[in-house]
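Please open the structure in a viewer and keep the sequence panel visible. The tour below proceeds by selection, one stop after another.

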Amino acid sequence: MNALTPCPPWLREDGAALMERSRQGRLPHALLLNGIDGIGKRAFAQWLAESLLCRKRTETGACGSCESCRQLLAGSHPDFRKLVPEGANATIKVDPVRELVEWLQLTASEGSYRVALLEQADTLNRNAANSLLKTLEEPGDHAVLILSATRTGALPATIRSRCQKITLKMHDRPAAIEWLSQNMEGAAETALLEAGGGPYAALNMQNKEFQDARELLLKAWKDLFEHKGSVGRISDSLSNLDTSLCLATFSRWALLAVKQEANLPAGADPDVSSVISETRHRLSNETWFTIHDRLLQLHRSDSASFKTQTVLEGIFADIRLMTNG
Ligand SMILES: [Zn+2]
């Protein structure tokens with residue numbers, strides 16, 4: 001049996017604001033949820049969809065017992081659809097979007113909302129994005145489209161301009177740390193810092209897959225700054241990892257070098273801390289900042305549509321040049 005999704009506790013303010021707009025009949029037809037990695041866009045979008053569909057909504061969202069909630073729990077709600085990236089390229093393709101568009105034209109079965117979720121909407125391919133455009137303009141009565149994306153810059157401007165953008169932020173850090181403590185072993189506060197502030201990102205970092213990835217990234221980082229091996233070989237060693245993960249991690253580590261230099265609390269895994277402190281003398285603080293910015297910009301652009309190796313090889317070559325001074 002599935003369970004309904006609670007609103008992430010640090011996002012309750014955002015949730016309450018949207019519920020209020022829905023009560024006043026002022027909810028936009030298309031929402032674009034944005035925010036840093038792991039802030040909880042997916043959970044929030046799901047919670048929002050369930051709350052909008054519920055017939056006896058409570059203060060905290062869906063009631064869990066009305067007919068609509070029972071259909072949601074059974075995974076058979078007639079007025080709810082969700083699209084997620086699929087296939088080897090992990091993109092949202094045109095056919096499912098066309099079906100969704102047709103479905104949205106139908107009237108909601110019981111005169112309530114009809115809700116469509118598009119997770120990681122920044123992976124919509126071009127044709128899929130085009131198919132969505134008209135619907136975003138005139139979604140039909142009581143239709144609500146909820147898009148979520150970390151890299152909104154990768155979405156066509158035509159899509160962005162037709163959605164109301166809502167940036168989810170950390171409103172309640174103590175609540176996030178409390179939530180993390182209940183869901184992980186170890187120091188929740190350190191994990192949250194290391195993850196760059198996203199509680200779900202902190203949680204993902206606890207799994208074996210991430211730990212293995214971190215080991216590869218640490219080795220690549222050392223080799224890069226200590227001039228061991230070619231940049232081609234180093235970027236090859238990361239070819240199985242997600243580009244976005246590589247860029248986000250390296251950008252955090254560059255910032256960590258700056259923080260260590262300034263004796264600021266950095267919050268990092270001890271293995272990471274020691275590798276950074278071994279390599280930070282290789283560059284000036286100013287150059288670390290430059291590298292941090294470049295990596296962050298790449299991370300936020302649509303670099304995920306390129307191959308990991310191409311993106312990484314480019315930035316690694318530049319870093320090598322800077323390290324040579
Ligand atoms: Zn309900």
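In which loop is His-227 found? Select His-227 in this predicted model: the residue lies in the loop between α10 and α11 (231-236). Its backbone deserves attention, since phi of His-227 is near 55°, a positive value in a residue other than glycine. With a relative accessible area of 33%, His-227 is partly exposed.

**Into helix α10**

Next, step back along the chain to Asp-223, which sits in helix α10 (residues 208-225). Is Asp-223 buried or exposed? Its relative accessible area is 5%, and Asp-223 is therefore buried, the limit being 20%. Display the surroundings of Asp-223 as sticks: leaving aside residues up to four places away in sequence, Asp-223 touches Lys-228, Arg-233, Ile-234 and Arg-320.

**Helix α12 and the residue after it**

Now select residues 243-261, which form helix α12. This helix has 19 residues and spans 27 Å from its first C-alpha to its last, close to the 27 Å expected at 1.5 Å a residue. A surface view is useful here: 14 of the 19 residues of α12 are buried, so the helix is largely enclosed by the rest of the structure. Continue to Asn-263, just after α12, where phi takes a positive value of about 55°.

**The zinc site**

Centre the view on the zinc ion. Which residues coordinate the zinc ion? The donors are the SG atoms of Cys-54, Cys-63, Cys-66 and Cys-69, at 2.3 Å. Along the sequence, these donor residues follow the spacing C-x8-C-x2-C-x2-C. The angles subtended by the four donor atoms around the zinc ion run from 104 to 115°, which makes the arrangement tetrahedral.

Colour the four cysteines by accessibility to continue. Cys-69 is buried at 0% relative accessibility, Cys-66 is buried at 5%, and Cys-54 is buried with a relative accessible area of 7%. Cys-63, by contrast, counts as partly exposed at 24%. Why does Cys-63 count as partly exposed? Its 24% lies between the 20% limit for buried and the 50% limit for exposed, so Cys-63 is placed in the middle class.

While the sulfur atoms are displayed, one further check may be made. How many disulfides does a search of the whole structure find? The search finds zero disulfides.

**Another positive phi**

Move to Gln-120, in the loop between β3 (114-118) and α5 (126-137). Phi of Gln-120 is near 50°, a positive value in a residue other than glycine. Gln-120 is partly exposed, with a relative accessible area of 36%.

**Across the whole model**

Zoom out and select Gly-25, in the loop between α1 (12-23) and β1 (30-34). Gly-25 is exposed, with a relative accessible area of 62%. Add Arg-282 to the selection and draw a C-alpha to C-alpha distance: Gly-25 and Arg-282 are 58 Å apart in space and 257 residues apart in sequence.

Finally, colour the chain by domain. The domain assignment gives domain 1 (9-167), domain 2 (173-205) and domain 3 (207-324). What distance separates the centres of domain 1 and domain 3? Taken over C-alpha atoms, these centres are separated by 34 Å.

Technical notes
Residues numbered from 1 in each chain as written. Predicted model: local features only at pLDDT ≥ 70, side-chain atom pairs only at ≥ 80, totals over all residues. Heavy atoms only, no water. Domains from an automatic or database assignment. Disulfide = S-S within 2.5 Å. Buried < 20%, exposed > 50% of the residue type's maximum accessible area, 1.4 Å probe, protein only. Helix = DSSP H or I, 4+ residues; strand = E, 2+ residues; numbered from the N terminus. Expected span 1.5 Å × (residues − 1). Donors = N, O, S within 2.8 Å, 3.2 Å for Na, K, Ca; no water. Tetrahedral: all angles 85-135°; square planar, octahedral: opposite > 155°, others 65-115°. Contact = heavy atoms within 4.5 Å.
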